[in-house]
Amino acid sequence: MHSSTRVILPAAFEVAEIDDLALLIANMLERLIAHNDKIPLLPESLTRFHSRTVPNISVLDYLRRIIKWTKVEKSCLLLTLHYVDQICARMPLFTLSSLTCHRFIIASITVCSKGLCDSFCTNALYARVGGIPVPELNILEREFLHAIDWRLMCTREVLQEYYINLIRTDSSGRFGLEGALESEVEDSDMDSLSSRSASPMDAQVRHRPSFSLLGNRESSSVLGDTSTLPTIEQNMAFAALQHSLKKPP
């Protein structure tokens, strides 16, 4: 069914269209949000990234707005996923939800662009594009840097791994990877179908998490002597378990 509409993306993320990256990232984040919005919000889980109400703009439209007005680089978009993994590993109760995602994204783009890019915008512009006051963005920027322990960088290979896994686990079935064998595409479609038909918690047991799987190569530099850095979905499942254990009998 997907073959007639499948978009074949280049093997390297640097060559991909930035809107295709936005589509892939939004697809992943929307699935995480759908899962995490089911987790009860406890007072101790509140962070600076929590909005009072759910923003009235989708994740995809928000990413496109940022791309249009800030000219964000592709690497910064993918680094947002890396930062989610880092913060979830350091703050187990943090969940990327409909209340936190937008503020997290604009903070991530602001910090990453200013720290790693040759050209970037002022906080006044980032705040206007992100829909928050400048003083609030300044606070989010400090909180964000503290949460990732000022570890802004990762290797190109890690970003490429995020990119490939985003394509292979995209739930829309729209995208394929240039040079991928047909058997790999079919396996990817089967995994994607299984994850859509099962609950997120079941997917943790039966499938490799949806993306980013920073293995041994990066875990030592981020979290010390660990064998595998937890991925976003693993941290979400762990947070859900913690919440359920704290419920009164």
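Histidine 102 touches Pro55, Ile57, Ser58, Val59 and Tyr62, once its neighbours within four places in sequence are set aside. This histidine sits in helix α4, in what is a predicted model. Is histidine 102 buried or exposed? Its relative accessibility is just 6%, so histidine 102 counts as buried, the cut-off for that label being under 20%.

Stepping back to the whole chain, the protein is built from eleven helices and two strands. Going along the sequence, these elements come in the order β-α-α-α-α-α-α-α-β-α-α-α-α. The protein has 249 residues, and 50% of them count as buried. What about contacts across the sequence? Among those between residues at least 6 apart, 80% join residues that are at least 24 apart. As for the outside, the accessible surface of the protein adds up to about 12,300 Å², and carbon and sulfur atoms account for 56% of that area.

Back to some of the residues already met, this time with the second largest pocket in view. This pocket has a volume of about 190 Å³. It is lined by 14 residues, and those closest to its centre are Pro55, Tyr62, Gly130, Gly131 and Ile132. Two of these names, Pro55 and Tyr62, also turn up in the list of contacts of histidine 102. Which elements give two or more residues to the lining of the second largest pocket? They are α2 (59-70), α4 (101-116) and α5 (123-130). Helix α5 gives the most, with three residues. By type, the lining of the second largest pocket splits into six nonpolar residues, five polar ones and three charged ones.

The cysteines make for a short story of their own. A disulfide is a covalent bond between the sulfur atoms of two cysteines. How many disulfides does the model have? The count comes to zero. Take cysteine 117: the closest cysteine sulfur to its own belongs to cysteine 76, at 3.5 Å. Because a disulfide calls for sulfur atoms within 2.5 Å, the sulfurs of cysteine 117 and cysteine 76 are too far apart for a bond. Cysteine 117 is also buried, as its relative accessibility is 9%. Cysteine 112 counts as buried too, with a relative accessibility of 0%. Both values fall under the 20% cut-off for buried residues, as does the 6% of histidine 102, the residue this account began with.

Note on methods
Residues numbered from 1 in each chain as written. Predicted model: local features only at pLDDT ≥ 70, side-chain atom pairs only at ≥ 80, totals over all residues. Heavy atoms only, no water. Buried < 20%, exposed > 50% of the residue type's maximum accessible area, 1.4 Å probe, protein only. 1 Å grid on protein atoms, 1.4 Å probe; cavity = no way out; pocket = protein on both sides within 12 Å on 5 of 7 lines; lining within 4 Å. Points joined across faces, edges and corners; volume = space filled by probe spheres on them. Helix = DSSP H or I, 4+ residues; strand = E, 2+ residues; numbered from the N terminus. Nonpolar A, V, L, I, M, F, W, Y, C, P; charged D, E, K, R; others polar. Contact = heavy atoms within 4.5 Å. Areas by Shrake-Rupley, 256 points an atom, 1.4 Å probe, with all protein chains shown as cover.
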